[in-house]
Amino acid sequence: MSTSSPEGATSASSVTQETALTLISEVKGAAARIGFTAAVAVTDQGGHLKAFERADDAPFLTAEVAIDKAWTAASFHIPTHVWNDYLADSRVAPLSGHPRVLAVGGGYPITEQGRCIGGLGISGGSYAQDQQAAEEALTALGFEVVGP
């Protein structure tokens, strides 16, 4: 991504519709290479759904899971797989009761020039497959892959 003019963000610092759809396309390609079909959700920086697609043969639950992964990633600007360690801490564990917080790999903030401009959520493979597809798609478009 160019440092002079962000291609993925609007003036409101949010992922654009065009970029959201391109991310979905990249995820679909990565998922096919990895060997699974998926539901893919992209949210804006506020966690509101920007774009979504579920493969014909992806289980129906993948839709809600992908959306919640994107929401969780955008909300806290960290990947969803990091939440497993966080929720082990008794001081943070009460958040596990929040209906949208997901501690399952496959959700990443969409980060450009150090700013979170949205969230990406993938569901349909194993947590490792979902993570891999997300990382490949974000990297292909020049976004930062944040977190451990």
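**A walk through the sheet, the cores and the rings**

Let us begin at T111, which makes contact with C116, F143, E144 and V146 once neighbours within four places in sequence are set aside. Keep in mind as you look that this is a predicted model. T111 sits in strand 3, which covers residues 107-112. Its relative accessibility is 6%, so T111 counts as buried, given that buried means under 20% relative accessible area.

Now step back from T111 to see the sheet. It is an open sheet of 4 strands in the order 2-1-4-3, with antiparallel pairing. Strand 2 and strand 3 are at the edges and each has a single partner strand, so one side of each is left without a neighbour in the sheet. From one strand to the next, the twist averages 15°. As background, strands of a sheet pair through backbone hydrogen bonds, in either a parallel or an antiparallel way.

Strand 1 is a good place to look next. What surrounds this strand? Of its 6 residues, 6 are buried, so strand 1 is largely enclosed by the rest of the structure. You can follow how its residues point: A39, A41 and T43 face one way, while V40, V42 and D44 face the other way, and all are buried.

Strand 1 has partners to trace as well. With strand 2 (residues 49-54) it pairs in the antiparallel sense over 5 bridges. Two positions help you line these strands up: T43 has L49 as its bridge partner in strand 2, and V40 stands opposite E53 in strand 2. Strand 1 and strand 2 form a hairpin with 4 residues between the strands, and there G47 takes a positive phi near 85°. With strand 4 (residues 115-123), strand 1 pairs in the antiparallel sense over 6 bridges. Here A41 stands opposite G121 of strand 4.

Let us stay with A41 for a moment. This residue belongs to strand 1, residues 39-44. Is A41 buried or exposed? Its relative accessible area is 0%, so A41 is buried. Not counting residues up to four places away in sequence, A41 touches L49, A51, F52, A66, I67, A70, G119, L120 and G121. For a sense of how sequence and space compare, take A41 and T19: they are 22 residues apart in sequence, and their C-alpha atoms are 12 Å apart in space.

A helix joins the picture too. Helix 2 (residues 61-76) packs on the sheet and touches strand 1, strand 2, strand 3 and strand 4. The direction of helix 2 makes about 155° with that of strand 4.

Next, look at the nonpolar residues inside. In soluble globular proteins, nonpolar side chains tend to be buried together. In this model the largest nonpolar core has 23 residues, and L23, V42, I110, L120 and I122 are those with the most contacts inside it. Which elements give two or more residues to this core? They are helix 1 (17-34), strand 1, strand 3, strand 4 and helix 4 (127-140). Helix 1 provides the largest share of the core, 6 residues. To see one of the well-connected residues up close, pick I110. Leaving aside neighbours within four places in sequence, I110 is in contact with V15, L23, V42, R115, C116, I117, G118, G119, L120, L138 and F143. Apart from this core lies another one, of 7 residues, among them W71, W83, L87 and A103.

W83 leads us to the last stop, the aromatic rings. A pair of aromatic rings is described by the distance of the centres and the angle of the planes. The count in this model comes to 2 aromatic pairs. In the pair of F76 and W83, the ring centres are 4.8 Å apart and the planes are at 75°, so this pair is edge-to-face; planes over 60 degrees apart count that way. W83 and Y86 also form an edge-to-face pair, with 5.7 Å from centre to centre and 85° between the planes. These two residues both lie in helix 3 (residues 83-87), 3 residues apart, which is about one turn of the helix.

Together, ring pairs link F76, W83 and Y86 into a cluster. How do these residues stand with respect to the outside? W83 has 2% relative accessibility and counts as buried. F76, at 39%, counts as partly exposed, and Y86 is partly exposed with a relative accessible area of 37%.

Methods
Residues numbered from 1 in each chain as written. Predicted model: local features only at pLDDT ≥ 70, side-chain atom pairs only at ≥ 80, totals over all residues. Heavy atoms only, no water. Phe/Tyr/Trp six-rings, centres within 6.5 Å; stacked < 30°, edge-to-face > 60°. Buried < 20%, exposed > 50% of the residue type's maximum accessible area, 1.4 Å probe, protein only. Contact = heavy atoms within 4.5 Å. Pairing = 2+ DSSP bridges. Axes fitted to C-alpha atoms, helices over the stretch in contact; angles between N-to-C directions. Core = buried A, V, L, I, M, F, W, Y, C linked by side-chain atoms within 4.5 Å.
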